[in-house]
Structure formats: C-alpha cells, structure tokens
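Me: I am new to this structure. Please show it to me, and then I will ask how the labels are earned.

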Amino acid sequence: MDAVTRIQQIGMPRRNNELWTFFPVAKIPNVLSADGDCRVANAPRNDKQESLDFSKENDFAALLPLAKNARTMVKAIPEGANEMAMLKCNDDFGHTVLDIGKGAHVSLEILDNKVQHEIVAERFDISVGEGADVEIFFANPASALPLRFRHFRITQAANSTVRFSNILTDSGIGRISMDCDLNGEGASFDYRSLSILDNTASMHQRLTIRHNAPNTVSTQLARNLLSGSAYASYDGMVIVGEKCTKVNSGQLVNTILLSENASVSVKPVLKIYHDDVECTHGNTVGELDAEQMFYLVSRGIPKEAAKKMLMASFAKETFYPLPETPAKKRLLQTLSV
Amino acid sequence: MLSIKDLKASIEDGTQILKGINLEVKPGEVHAIMGPNGSGKSTLSKVIAGHPAYKVDGGSVELDGKNLLEMEINERANSGLFISTQYPTEIPGVNNVEFLKMALNSKRAYLGLPEIGDEEFKKFCEEKMQLLEMDERYRERGVNDGMSGGEKKRNEILQMAILDPKVSFLDETDSGLDIDALRIVANGINHIMSPEKAVILVTHYQRLLDYIKPTYVHVLRHGKIILSGGPELALKLEEQGYDWIEE
Ligand SMILES: Nc1ncnc2c1ncn2[C@@H]1O[C@H](COP(=O)(O)OP(=O)(O)O)[C@@H](O)[C@H]1O
Ligand SMILES: [Mg+2]
C-alpha cells in the first residue's frame with residue numbers, strides 16, 4: 001500500500017488521535033487536496049516507494065514525505081566501517097534509508113533542508129546491525145519554518161547502541177517522531193533532547209520505544225527552556241514485550257518555565273508485559289533555582305547574566321553524560337555561543 | 001566603613017528576626033559575632049547581602065556612606081561587600097573558574113575597568129589557589145559541586161581573595177574544617193586582610209580567633225547585639241557559654 005492511500009485511510013491528524021494529543025493539528029494543511037500552502041513538487045515518481053508497504057504505518061508524519069514524492073536516498077554502511085557523515089535533504093520532502101552494517105561505528109549529523117516553504121517533512125529509516133555503535137544528532141540554527149516534521153524509524157539488532165541527540169530551537173511548529181525497535185538482545189537506545197523555545201514556537205516529541213528482546217536498555221531525557229508563549233510537549237511510550245526480561249528503561253522530562261505564558265505537556269506511557277523489568281519516569285517543571293540565582297548575583301554578576309549562566313548550565317547538562325564523540329562536541333559547542 | 005543602624009528585618013510570615021542591630025565597623029578591624037543557634041547571625045549576613053527571603057522593616061546599612069539596602073544585590077557586591085553564607089549553594093553546571101572570572105569581570109565593569117583576559121586571570125587565579133593550597137580539581141568542578149563542607153568554605157575564601165572586597169562577612173567559615181584546613185583558611189583571610197579592609201566573622205569557636213585576632217567580639221541573641229567586648233570576651237564565652245549574660 002502506498003503512502004497516499006494509507007493517509008486516505010487514517011485521515012488527517014486529529015486531536016483525538018493518541019499520536020497527536022498535544023499537537024496544533026489545525027495548523028496542518030490538508031496535503032491530499034489542493035496544492036494549497038503545501039507545495040507538490042514535480043519530482044519524478046519514486047521507484048523505491050513502489051516496493052514499500054505502508055499499510056501498518058499509523059503516524060501521518062511518517063507517511064507525509066512519501067505521499068509528497070520524496071526522493072529516497074539509500075545509503076549502506078558496510079560491516080565494521082568507521083564513518084562520519086552528514087545528511088542533508090535538498091527538498092521540502094525527504095526520505096533517507098540507512099543500512100548500517102554489523103559492528104560499524106557511525107557518527108551522523110543531520111543538517112536542515114535549505115528550502116523554505118510552508119511545510120517540510122523528512123523520514124529516516126535506519127536499521128542498525130549487530131554490535132554497531134551509532135550516534136545521530138542535529139543542532140541546527142533556529143529555523144523560521146512554519147511547520148516541520150521529522151520522523152525516525154530505527155530498528156536495532158543485538159548489542160547495538162544508538163545515541164540520538166538533538167537541540168531544537170525553531171521558531172515555528174515542529175514535531176519529532178520516533179519509532180524505535182530494540183529487536184536484539186543487549187541493544188540500547190539513548191535519546192537526549194533540548195528544546196530552547198521562545199515567542200510562539202511549539203515543539204512536540206513523540207516516541208515509541210519497543211523493547212522486543214531481553215536485556216535491552218532505553219533512556220530518554222528531554223529538557224525544555226521555555227520563554228514567551230512557547231509550548232513543548234513530550235509523549236513517550238515504552239513497550240516491553242512478553243519474553244523480555246531484564247529490560248531497563250528510564251524517561252525524564254525537565255522543564256524550566258521562564259515566563260508565565262510558556263507551557264509544557266508530558267505524557268509518559270508504559271506498557272509492560274513482564275515483571276522482571278525496571279522502568280522509571282519522571283517529570284519536573286520549575287523556574288530557575290532562586291538560591292543559585294542569589295549566589296551568582298551576590299558575587300556581583302548582573303541578574304540577566306546570572307540567568308543566562310543557569311540556563312546554559314541546565315542546557316549543557318543534557319549532554320554531559322554522552323561519551324566524548326563528535327556529537328557531544330558539536331552539541332556543547334552550539335550551546336557555548 | 002560599614003555602618004549598621006537599628007536594622008530590623010523579618011521573614012515572609014511576618015516574624016521579626018532582627019530586632020534592631022547596631023554595628024560600626026572601621027577599616028582594619030576584625031569583628032567576631034558569636035551567639036547561640038537561632039539568634040539571627042546568618043539572617044544578618046543575608047539581609048545585608050539582599051537575600052529575597054527577608055524584608056527590611058527599618059534601619060540602615062551603609063558602606064562608605066552609600067546605602068546598601070537601596071542597591072541591587074550585585075551592586076552591593078561590586079561596591080566591595082562580600083558575604084560568605086553558612087551553606088554555600090551548589091551550582092553543578094556552572095564551571096568554578098568561569099564563574100570566578102565572570103564575577104571578577106562584573107566587578108571590573110562596574111568600576112569602569114577593562115575585562116581581565118584569560119591568561120592574566122589564569123595566573124591571578126593560580127596565585128590565589130596556591131595561597132589556599134587548593135588543587136587543580138577545583139578548576140574543573142562546577143561551583144561547589146559535590147564539595148565537602150570544608151572544600152566549599154575554602155572555595156568561598158578563594159572567591160574572597162579574587163574579588164578583594166572592602167568588607168567581608170564570613171558566616172561560620174570555620175565550621176567543618178579540620179585543623180589543617182582551618183590554618184590554611186585563616187592564613188588566607190589574614191593575607192587578604194589589610195588596614196583598609198574589614199572582616200566580620202561569625203563563629204562558635206575560639207580556635208578561629210587564635211589565628212585571626214578580633215578587634216571586637218559581639219554577642220548576638222534574639223535578634224539583638226546584647227554585649228560587646230574585646231578578644232577576652234570570646235574566651236569567656238567559650239568557658240562559660242551565654243547564659244550569664246543579662247539581656
Ligand atoms: N528564610 C527563613 N525562613 C524561615 N525562618 C527563618 C529563615 N531565616 C531565618 N529563620 C529563622 O530565624 C531565626 C534565626 O536564624 P539564623 O539567622 O539562621 O540564626 P543563626 O545563624 O544565629 O543560627 C531562626 O529561628 C530561624 O529558624
Ligand atoms: Mg547561622
């Protein structure tokens with residue numbers, strides 16, 4: 001089944017669809033009808049798509065790029081390879097298929113599309129081979145795109161590691177969606193995200209992590225620094241399958257509200273079909289620590305500068321636990337300017 | 001140089017903690033403030049610093065003729081006031097050295113001086129760290145992050161050494177220090193001290209005053225200074241406690 005047919009089946013996103021609970025769905029133009037705000041490129045028909053079956057895909061954002069004839073870029077990283085790469089899509093709609101071989105070490109930075117239209121949607125299908133170590137990250141400069149979707153489908157084989165880290169500073173409406181399947185024993189997935197939003201920006205993250213094998217680990221940390229009337233949401237679901245013993249999963253969302261009109265929504269969902277698992281989730285919302293502010297200011301540092309120091313510290317802490325790799329370097333560098 | 005007159009202050013629920021404090025501190029003097037727990041010693045330091053948890057009900061605090069109570073918190077510091085609180089706050093994500101540099105440059109900016117460069121600051125900071133026998137680890141850590149009580153106190157004196165304040169108010173800086181650390185910290189304070197500066201020490205112990213000889217010793221109780229004397233008063237307090245003093 002192709003993507004257009006599937007969108008017709010599931011319909012446009014609605015608030016009562018559990019995948020879209022917090023998203024301002026009214027802002028999404030009807031991509032199936034007239035051209036409207038949403039450009040339909042005269043891109044050549046995508047051959048790769050013919051072979052793909054989307055009949056089980058439920059997330060509109062995962063279907064959109066393909067429904068819009070995104071060109072598919074296929075990249076295979078051979079077994080044992082050591083690769084640093086940058087991915088960039090040159091169109092409003094993009095589709096990247098990455099096949100990462102066994103034991104490969106990959107550092108992958110995703111750059112923004114150059115085009116500026118009303119809506120941009122990208123999809124990434126990433127399959128990670130046994131024992132591979134992969135980091136995927138993006139920390140692009142703030143974009144003013146009105147609407148941006150980025151969808152990831154990651155499948156991990158045994159003993160593979162994926163670290164997925166991002167900094168989100170866009171001024172429009174954005175959504176990161178992720179379906180991660182930990183299919184092999186010993187696989188681990190680490191998600192870290194920092195949203196620094198101001199004005200009317202709204203950023204939404206929706207993750208589904210499926211622990212389909214024993215001894216799998218997933219961690220999620222999302223931090224939000226919200227000013228103006230910014231709005232962030234985090235919808236994280238962890239599913240632990242029936243025979244999956246010794247699973248460890250943690251989810252933590254920390255938000256600092258810097259203004260009265262900023263807000264955050266968090267929805268953690270755990271579906272566990274086994275006893276022998278350890279799953280935690282936490283959610284904190286607060287302001288900058290008053291005692292820390294006092295300490296800095298009482299040493300002569302002006303209030304605004306002290307605020308910035310505390311915000312920067314809150315932001316940087318998101319990525320401190322990462323190993324010393326290009327991702328960590330780049331993410332922290334972005335935060336120190 | 002520091003003149004506190006009839007200072008009254010209360011906490012949020014309206015309870016008055018400071019009930020009319022008077023204290024005149026002149027250049028070159030060391031004042032020790034003693035008194036039972038809960039008397040208001042820490043409150044006094046925080047009210048002078050401008051901590052938002054306290055409301056000033058009356059009185060004045062002047063530093064070289066300028067009313068501190070009307071200044072922003074950072075201006076007080078930049079005018080030459082240094083307050084070391086009893087329990088220094090931990091700020092894990094802010095690097096200690098960057099913090100020190102930021103604080104020094106804030107003061108310099110306030111005084112119309114140019115920023116101190118990285119190299120120059122590094123040398124300057126190194127000198128002060130040697131004075132306080134602090135090892136390199138203090139550089140990499142976050143402000144007071146995971147430090148023991150004693151390490152925090154030493155870090156406070158490092159800040160004092162770098163900011164070179166006119167008046168320092170050190171709240172129980174000697175608590176939690178072992179004998180070696182006490183000697184180092186006291187030497188540090190003596191080193192920073194000069195005839196143009198003044199220090200107020202809150203302490204429960206004579207042992208600090210063996211190193212730093214006070215000009216005056218005051219007893220603060222129930223929000224008031226109820227007795228003042230010379231260094232001999234501290235010795236008497238250590239022997240006899242506070243109960244013999246009539247309020
Ligand atoms: N922020 C505050 N909130 C509530 N009570 C306070 C606060 N600060 C001080 N107090 C109270 O004021 C009194 C004096 O405290 P403090 O100044 O810490 O005394 P000392 O330092 O002399 O031991 C105590 O009873 C204490 O509980
Ligand atoms: Mg105290």
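Me: What makes helix α3 of chain A mostly covered or mostly open?

Reply: This is a predicted model: local features need pLDDT of at least 70, side-chain atom pairs count only at pLDDT 80 or more, and totals for chains, interfaces and linings use all residues. Residues are numbered from 1 along each chain as written, chains are lettered from A and ligands numbered from 1 in written order, and side-chain values use heavy atoms, without hydrogens or water. Buried means under 20% relative accessible area, exposed over 50%, partly exposed in between (1.4 Å probe, protein chains only). In α3(A), residues 60-67, 8 of 8 residues are buried, and the helix is mostly covered. Among them are F60(A), L63(A) and P65(A).

Me: Why is Q86(B) called buried or exposed?

Reply: Its relative accessible area is 16%. The cut-off for buried is under 20%, so Q86(B) is buried.

Me: Which protein atoms are donors of the magnesium ion (ligand 2), and how do you know?

Reply: Donors are N, O and S atoms within 2.8 Å of the metal (3.2 Å for Na, K and Ca); water is not among the atoms, so sites may look incomplete. OG of S42(B) and OE1 of Q86(B) lie 2.0 to 2.2 Å from the ion, and they are its protein donors. The pair ties together parts 44 residues apart in sequence, because S42(B) lies in helix α1 of chain B and Q86(B) in the loop between β6 and β7.

Me: How do you know how many disulfides there are?

Reply: A disulfide is a pair of cysteine sulfur atoms within 2.5 Å. The count is 0 over all chains. For C180(A), the nearest cysteine sulfur, that of C244(A), is 13 Å away.

Terms used: Helices (H or I, at least four residues) and strands (E, at least two) are DSSP runs, numbered from the N terminus.
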